[in-house]
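Me: I've got a two-chain model open and I'd like to talk through how it's put together. Can we go through it bit by bit?

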Amino acid sequence: MFDDLTEKRDDIVSTILDGSRTINTTEEFEAILQTDPENPSLLRAYGDFLVEKAMFDEAALEYKKSTVLFLKSGSIVPAILSNILYWTVIKVSERECRSIYRTLHDIKSEEVPAFNFFARMTYAELIAVIGELEQEHLSSGQVLREPNDPEYDIFFIVSGLLRETVNYHSTTGELKQFTATLAENMFFGDVYPLEEENLSPSRVESITDVQLLRFSKRDIISVCRKYPNIRLLLMELCQTRRGSESRQYSQLVRATTRYQLQTKVTLEIFSDDKNEIPLILKCITDNVSEGGACINIGEKYWIGSATDLVGRKAKMMISVPKASLSFEVTGNIVWKKEVSHDEVTSILVGIQFAEISEEDFKFLKKYCYVGDGEQDMIYSLWESYVKK
Amino acid sequence: MEVERNQQIDTNPQIWAVGGGKGGIGKSTVSILLAFWLARMGKRTILADLDLGGANLHTLMGIKSPPKTLNDFVTRRIDSLEEVCIETDIDDLRLICGASDVLTLANPHVAQKIKIIHHIRKLDADYIVLDLGAGTSFNVLDFFLVAERKIIVLTPQPTSIQNAYSFVRNAVYRRLSKLAGQQPPLQALIRSAMDENNELRVRTIRDLLQAAEDISGKEMMEMLQGEIEAIQPAVITNMVTNSTDKNAGRVIQLVSEKYLMIYPQNYGAVAFDRQINQMVAEMVPITKLVQSSDAFANTYDITMKLL
């Protein structure tokens, strides 16, 4: 009997939360709240309801309660959303803000990487980050990312479920898939390192309706300029995902870059003026993937501002005679940076590939995918570097 | 001379172990030439044949039937390993012969192995070069891991590179296994991880260390990591015929760095020399190799780098 009642109550709550049940009066909502007064999701839904009724002070109270309850349960991302809503509907005193910040700090939830990310910020850093987070809603079955899509945002999951799928080649060369379910408090989006063009390693689609908090790379860079500690926290956050990825998808040995193997490439950089002869440079790369490459163009070849390079169209040609590989690919220079080593400053540019023929793409894949095991890597390296 | 040696017993010789997994890649030739150069540089050197299942170093040194072998020491016919050493034609170079015809030494007991290692450390010499057998048995790996210089010999053939890598890989796991000591969960993890297709999906040493941290804590993980990094094998590519052959050592470096988190050093290459094959066929000591030989010059350079 008790179980039946509980189930019925949960059904009501879930229909309110997923929006399939409409409630018209505050009395009706409060009656439902009586059945589950400590449900932070329900409190937030009630806050939303009150906002619609223009009852902002009352809504703020519900959002605040929701924030604290989420925090106490270690549910950081939903807590952040409730907090954003709280601060949105009324002007909150700094004392109130600091009180919530203290609550966040007093709670230990080391198992959740997102919790560590937010909880280790200073008060000013947290305020700056929260100010940049944007809500996103997805309905079920929506695809948010395809493999090799550029990563422009990191997403924190407030509620709902998503499916992440990674394709990889098994040791026998067979194409296989690894699937993981992403849920509340998890995150996705490989935005780190911030200066590089990052490509999605996987397909991400929603299984249910999903609420997300989006932190765009542009805003992250902007916030990091003022608060450098956030960059470190972000780096650690992304590493936790890579760590779990490397364990979960351990068959997907990250052979997608020819790790530390320097290869000579010829780079043609085109000018906006079609009549101008392209700049042809002999360069070095040790990092090529299917989506792009990081190329060291040295220092002696470039006179003038390297910033001018960004946005230019470029063609990269790779020839590996030992491996009978030769292909060319066209793309755009999307970033540049200067690195110094032994008192020599070199310019690195990142190219995002755009145009490539099917044949050249096959060569590119052959070049990038060294193999998915030690023996494959040995054979591939032998073929490239030792075979006569 | 004997009195002098007995007086100099705790000289704490530096041990160079030469391994590589595959047979027929010239481990013994490289061992002899390294020992030769050490002796020529005035270092009191002992070359020890630890190819316990198939000892033939003495043959390459031009000795048909060794008067005494390691087996005499293990079976207690001779009390001191020092007494098993035989003089060679080269000043400052002595030889400990193995015994290929004696099955008792092919798979020594742990106690015998410990005894051999213990007494090798007490030998009166500046340098001891251990010529290890083929394969990656625990015996071979344990002799390899006690050495101050862990030398991997390979040839440019893919099978040799694969075997050399397997040798390094097994040495790393052997070291980890010994360090795990009496911790059954950690031992089980390491044993499982040695299988490349293990169900735990531990594919790299990085994965293994992460799992070890979960089981035994950060301190243990850091200790294991430090010990692995200290292995640092020296890679020598043998029987090189052209410049691209020399890259074989680089292959071991790259794969080891990626999968094993160890950083082998590339000590260079030894040129292929037909003369050596002929000398082996005619039982002429390798040490009589003509000084114009490229292999001779290459091993001099490598010895200088290893010192």
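Reply: Sure, and one term up front: two strands count as paired if DSSP finds at least two bridges between them. Keep in mind that this is a predicted model.

Me: With that in hand, in what order do the eight strands of the open sheet in chain B run?

Reply: The pairing in this sheet is mixed. The sheet is an open one, so S3 (86-87) and S8 (265-271) of chain B stand at its edges with a single partner strand each. Reading across, the order is S3-S4-S2-S5-S1-S6-S7-S8 (chain B).

Me: Which residue is the bridge partner of Thr45(B) in S4(B)?

Reply: Start with the two strands: S2 (residues 45-50) and S4 (residues 93-96) of chain B pair in the parallel sense over four bridges. Thr45(B) has its bridge partner in S4(B), and that partner is Leu93(B).

Me: What angle does the direction of helix H2 of chain B make with that of S5(B)?

Reply: H2 (residues 27-40) of chain B packs on the sheet and touches several strands, including S1 (14-19), S5 (127-132) and S7 (234-240) of chain B. Taking S5(B) as the reference strand, the angle is about 170°.

Me: And H8(B), at what angle does it run to S6(B)?

Reply: H8(B) lies across S1 and S6 of chain B. Relative to S6(B), the helix runs at about 160°.

Me: Over in chain A, which strands stand at the edges of the four-stranded sheet?

Reply: The sheet is open, has antiparallel pairing and follows the order S1-S8-S3-S6 (chain A). An edge strand here has a single partner strand, so one side of it is left without a neighbour in the sheet. That applies to S1 (134-138) and S6 (187-188) of chain A.

Me: How many bridges join S3 to S8 in chain A?

Reply: S3 (residues 153-159) and S8 (residues 210-216) of chain A run antiparallel. As one marker for the pairing, Ile154(A) stands opposite Phe215(A) in S8(A). The number of bridges joining these strands is six.

Me: Which helix lies across S1, S3 and S8 of chain A?

Reply: H9 (residues 217-226) of chain A lies across S3 and S8 of chain A, running at about 50° to S8(A). The helix you're after runs at about 90° to S3(A), and it is H5 (residues 76-89) of chain A.

Me: How are H4(A) and H5(A) oriented to each other, roughly parallel or roughly antiparallel?

Reply: H4 (residues 56-72) of chain A packs with H5(A) at about 160°, with the axes 8 Å apart. Angles over 145 degrees count as roughly antiparallel. So H4(A) is, relative to H5(A), roughly antiparallel.

Me: How many nonpolar residues does the contact of H4(A) with H5(A) have?

Reply: Among the residues making the contact are Phe56(A), Tyr63(A) and Phe70(A) of H4(A), along with Leu85(A), Tyr86(A) and Val89(A) of H5(A). Four polar residues and one charged residue take part too. The nonpolar count is 11.

Me: In which hand does H3(A) pass H4(A), left or right?

Reply: H3 (residues 40-52) of chain A packs with H4(A) at about 165°, with the axes 8 Å apart. That makes the two helices roughly antiparallel. The crossing of H3(A) with H4(A) is left-handed.

Me: Now between the chains: are H12(A) and H8(B) oblique or roughly antiparallel to each other?

Reply: The axes of H12 (residues 374-385) of chain A and H8 (residues 158-180) of chain B come within 10 Å and cross at roughly 140°. Roughly antiparallel would need an angle over 145 degrees. H12(A) and H8(B) are therefore oblique.

Me: Which residues of H8(B) make that contact with H12(A)?

Reply: From H12(A) come Glu374(A), Gln375(A), Ile378(A), Tyr379(A) and Trp382(A). By class, the contact has six nonpolar, two polar and one charged residues. The H8(B) side is Pro158(B), Ile161(B), Gln162(B) and Tyr165(B).

Me: Last one: which element of chain A has the lowest mean pLDDT?

Reply: Chain A averages a pLDDT of 77, with 76% of the residues scoring at least 70. S8(A) has the highest mean of its elements, at 93. Where pLDDT is low, the predicted coordinates should not be read in detail. The lowest mean, 56, belongs to helix H1 (residues 2-17) of chain A.

How values were computed: Residues numbered from 1 in each chain as written. Chains lettered and ligands numbered in written order. Predicted model: local features only at pLDDT ≥ 70, side-chain atom pairs only at ≥ 80, totals over all residues. Axes fitted to C-alpha atoms, helices over the stretch in contact; angles between N-to-C directions. Parallel < 35°, antiparallel > 145°, perpendicular 65-115°, else oblique. Contact = placed C-beta atoms within 7 Å. Nonpolar A, V, L, I, M, F, W, Y, C, P; charged D, E, K, R; others polar. Left-handed = near helix turned anticlockwise from the far one by under 90°. pLDDT = per-residue confidence, 0-100.
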